[in-house]
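Visitor: I would like to see how each structural term is earned from computed values. Could you show me the model and take my questions one by one?

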Amino acid sequence: MSALQGVLATAVADHLAARARWRAAELVFWGAALASVFLLPGKHLILAEIAILALFALSLDLILGYAGIVSLGHAAFFGFGAYAAGLLAKHALITEPVLGLLAAGLLAALLGFACAFLVLRGSDLTRLMVTLGVAMMLRELANRLDKLTGGADGLQGITMAPVLGRFSFDITGHTAYVYALAVLFVLFVVARRIVHSPFGLSLMSIRGNPLRAGALGVPVNARLVAIYTVAAGYAGVAGALLTQTTAFCSLDVLSFDRSADLLLVLIIGGTGYLYGGLIGAVVFKLLQDALATLTPQYWQFWIGLILVIIVLVGRERMSGWWHAAVAQGARRLGLRERP
Amino acid sequence: MSAALETVGLVKSFGGIAATSNVSLAVARGARHALIGPNGAGKTTLINQLTGVLTPDAGRVLLEGSDITALSPHRRVRRGLARTFQINQLFADLSPLESVGLAVSERLGRGHDWWRVAGSRSTVDDSIAEILERFHLADVMHERTAHLPYGKQRLLEIALAIACGPSVLLLDEPAAGVPEDERHDILGAVAALPREVTVLFIEHDMDLVFSFAERITVLVNGAVFTEGTPQEIARDERVKAVYLGEEPVHA
Amino acid sequence: MLTILFDGIAYGMLLFVLASGLAVTMGLMNLINLAHGAFAMAGGYVAVALVNKAGWPFAAGLLAAFVVPALLGALMERTLYRHVYAKPHLDQVLFTIGLAFMAVAAVDFAMGTQQVFVQLPRALEGQIDLGGVGIGRYRLLIIILCGLITVALQYALARTLFGARLRAAVDDARTARGLGINVSAVFALTFAVGSGLAGLGGALGAEILGLDPHFPLKFMIYFLIVVAVGGTSSITGPFIAALLLGIGDVAGKYYAPQFGAFAIYTIMIVVLIVRPQGLFTRVAGK
């Protein structure tokens with residue numbers, strides 16, 4: 001190897017490693033999240049909801065933003081995790097939240113693994129049908145198995161033990177928020193490792209051009225099954241968090257609206273850079289709060305309108321504005337060096 | 001001399017039209033073998049069957065003597081069969097660095113690493129650097145592929161195939177669309193391949209074919225029309241007739 | 001037993017007419033339109049308004065249930081949909097879910113949440129007895145009407161100049177334009193007819209499927225199954241898929257009321273495992 005090549009190899013290593021380095025804006029983001037624990041004590045209930053939604057959206061980003069799979073029924077895994085955690089707690093099988101979370105996540109991942117083989121068959125159209133179909137089927141199942149799930153009345157009588165045996169859930173949502181935020185952070189860090197690994201790179205290549213990815217030796221289907229399984233696990237954990245923090249679980253966790261709203265959340269924040277789902281969750285909940293007070297009944301209308309506008313204006317253009325605005329803000333705050 | 005790549009009675013038809021009819025072809029190890037023929041002769045369809053994008057209706061594909069007909073595209077790559085595409089098939093959102101990094105990671109069996117950050121293995125990085133330098137891509141390695149000039153994209157197209165570390169390389173019109181003055185980069189890189197790498201290439205530019213190929217197979221209407229050394233093909237009046245007959249289409 | 005088969009066929013043919021427009025736009029024009037059910041709902045509510053409230057005859061109501069959604073479809077195609085033809089499927093999904101949501105909320109606001117029915121003329125009520133098999137008159141009408149529509153549709157696509165133009169426009173829009181075909185007009189008309197048929201199906205089906213503001217979302221899965229399971233190469237595939245779905249759903253709900261709703265999902269999954277590309281697929285081209 002020539003000396004020049006040695007230099008180049010170092011540059012290659014540096015630049016690949018730089019992709020995974022934590023940026024200042026990221027530290028600010030998590031710093032702000034941590035600060036909210038102390039500065040916004042009255043808002044912990046809604047903040048916990050936001051953290052859960054953010055985790056759910058992060059899960060969708062893994063398959064949509066990184067692997068290019070459009071899903072109309074991601075709520076299937078969210079709901080499955082929600083019911084799994086609820087049933088485990090209700091029947092006193094696992095009442096400690098963290099263990100319950102792990103169990104629910106694993107079960108949802110198993111379901112995701114099984115579904116992945118169906119989802120990967122065929123075109124976008126079949127994928128839409130399967131993802132939507134599986135979610136609707138689970139909802140119908142939860143509805144029919146009312147002896148187990150409580151049917152339309154929801155799963156009641158869930159009592160959770162304190163988190164790690166020490167922190168009990170309280171009425172202000174303080175424990176719930178800290179717990180949800182901690183789980184979100186841990187799983188975010190894992191997702192971040194995944195997308196910056198060679199495995200993550202191969203996912204992006206599959207999204208960009210599956211034909212070429214295969215021609216470079218990437219086992220396309222195996223990689224998609226793997227990420228679909230992981231994403232399903234993430235969604236299951238998000239669902240389990242909802243059940244645990246609210247001590248309740250209803251058919252609503254499996255509804256189509258939840259899957260569709262999730263698409264909106266991710267689209268608001270932007271796909272394929274992990275923070276999209278997190279930012280989208282904050283914006284979405286704030287919007288929901290604002291619009292719901294305006295016309296609580298017709299919230300759905302506004303969701304629809306936003307979706308239509310986003311597509312007509314163009315996601316690319318919007319994310320262009322968004323990135324420009326963020327970059328501008330970051331420069332002003334001195335977070336990022338000038339280009 | 002044993003064949004590095006061989007087809008036995010390959011047949012493929014689309015809706016009753018034979019795109020490949022009973023093609024038996026042997027590419028010797030270390031060969032520089034050209035596949036020529038008029039438009040619509042079924043050259044790319046044949047390549048697609050060799051690489052596993054299409055499944056033949058009948059016949060077999062052998063790589064280094066073992067049957068790979070039933071293998072998926074990525075498994076054939078792992079066995080040492082790589083290809084380029086006639087029309088660039090690149091990753092528009094990734095940089096050349098990332099694209100080559102991907103191919104090298106897969107070759108070295110690191111593609112499923114999901115925890116280790118890309119770039120943290122020196123064997124992978126050295127190999128990436130070597131490819132980037134060989135294909136004159138080092139200066140643009142951070143740019144989005146979509147923003148590269150066409151000549152660089154074409155280089156990347158070929159660099160990716162070579163990054164797979166093939167023993168048999170299929171080039172589908174490697175110089176297609178590349179202006180005259182940029183061709184030598186591409187041809188130089190192909191010519192500099194080690195002798196043990198077997199090259200089968202499709203090309204329309206006859207100057208290029210005759211300067212590079214040591215053996216030529218002519219494909220017409222999906223079937224092998226004739227095969228021989230460049231001298232034999234150049235003398236063959238029937239081959240000329242086939243090409244002359246096509247001339248008005250080109251004009 | 002035969003009555004169930006008969007009901008299933010009526011239900012299936014209804015599903016086909018509802019989804020036929022979608023089969024054409026998704027299959028031929030490669031547009032994912034999840035708001036298709038909104039046009040069906042529009043037809044249903046038009047019929048309800050005209051027949052129940054304004055006292056129009058049933059047949060006139062059906063005609064209006066075709067015409068109004070068709071015009072609406074043409075208008076939407078010209079103003080909105082044409083901007084998303086070239087966009088990625090994800091955008092089409094988001095856009096059309098958005099439209100569906102807006103339609104649901106708007107109808108909810110204007111007409112209320114409760115389920116509505118179209119008043120049938122006396123002559124269509126009740127059953128007739130055919131060799132011991134009880135056959136609902138209204139269902140018989142549905143079968144006859146939908147059968148006629150299916151034949152007409154098949155003829156229009158395969159045999160008429162318009163069908164040829166549509167196929168040319170879909171295969172290669174640029175060449176088609178070069179041949180003097182007004183591609184955008186062809187697409188607009190196709191979309192309009194598809195929407196109109198959905199509207200007609202919505203009006204005809206109000207009695208059987210039920211009609212409320214959530215119709216577009218509730219039946220989205222049925223439409224997707226008809227198109228995806230049927231395959232997108234011809235309308236024969238979706239037709240057979242619709243029949244299969246209709247008979248499966250009716251029989252499932254009759255024989256196993258508790259779990260009959262799962263028949264359609266079972267059909268979906270089984271077909272997908274056996275024939276991932278749909279029941280009927282065009283031979284893959286180059």
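**From values to terms**

Guide: Let us start in chain B, where E4(B) and E5(B) form a hairpin with two residues between them, and where Glu64(B), in the turn, has a positive phi of about 50°. This is a predicted model, in which local features need pLDDT of at least 70 and side-chain atom pairs count only at pLDDT 80 or more, whereas totals for chains, interfaces and linings use all residues. Residues are numbered from 1 along each chain as its sequence is written, chains are lettered from A and ligands numbered from 1 in the order in which they are written, and side-chain values use heavy atoms, with hydrogens and water left out.

Visitor: How do you know that E4(B) and E5(B) pair, and in which sense do they run?

Guide: Strands are DSSP runs of E with at least two residues, helices are runs of H or I with at least four, and both are numbered from the N terminus. Two strands pair if DSSP finds at least two bridges between them; two bridges join E4(B) to E5(B), running antiparallel, so the criterion is met. Leu63(B) stands opposite Ser66(B) in E5(B), and Leu63(B) is also the bridge partner of Leu5(B).

Visitor: What makes strand E2 (17-28) and strand E5 (66-67) of chain B edge strands?

Guide: The open sheet has the order E2-E1-E4-E5, with antiparallel pairing, and each of the two edge strands pairs on one side only. Within this sheet, strand E1 (residues 3-14) of chain B is joined to E2(B) by eight bridges and to E4(B) by five. Along E1(B), Glu6(B) stands opposite Ala26(B), while Lys12(B) has Thr20(B) as its bridge partner. E1(B) and E2(B) also form a hairpin with two residues between them, and Gly15(B) in that turn has a positive phi of about 50°.

Visitor: What makes the pairing of the six-stranded sheet of chain B different in description?

Guide: The open sheet E6-E7-E8-E3-E9-E10 has mixed pairing; its edge strands are E6 (81-83) and E10 (223-228), each pairing on one side only. The twist averages 20° from one strand to the next. One parallel pair is that of E6(B) with strand E7 (residues 168-172), joined by three bridges, where Leu81(B) is partnered by Val168(B).

Visitor: Why are H3(A) and H13(A) called oblique?

Guide: The axes of helix H3 (residues 44-64) and helix H13 (residues 275-294) of chain A come within 8 Å and cross at roughly 135°. Axes are lines fitted to C-alpha atoms, for helices over the stretch in contact, and angles between N-to-C directions run from 0 to 180 degrees. Angles under 35 degrees count as roughly parallel, over 145 as roughly antiparallel, 65 to 115 as roughly perpendicular and the rest as oblique; H3(A) and H13(A) are therefore oblique to each other. Their contact (heavy atoms within 4.5 Å) includes Ile46(A) and Leu53(A) from H3(A), and Leu278(A) and Phe284(A) from H13(A).

Visitor: How do you know what handedness the crossing of H4(A) and H11(A) has?

Guide: Helix H4 (residues 75-90) and helix H11 (residues 220-246) of chain A pack at about 50°, with their axes 6 Å apart, and H4(A) and H11(A) are therefore oblique as well. A crossing is left-handed if the near helix is turned anticlockwise from the far one by less than a right angle, and right-handed if clockwise; H4(A) passes H11(A) in a right-handed crossing. Among the residues making the contact are Phe77(A) and Gly81(A) of H4(A), with Tyr228(A) and Ala232(A) of H11(A).

Visitor: What is the extent of the contact between chain B and chain A?

Guide: There, 43 residues of chain B are in contact with 39 residues of chain A. The area buried between the chains is about 3600 Å², of which carbon and sulfur atoms give 68%; buried area is the accessible area (1.4 Å probe) that two parts lose on being put together, summed over both. On the chain B side, Phe91(B), Trp115(B) and Ala118(B) lose the most area to chain A, together 16% of what that side buries.
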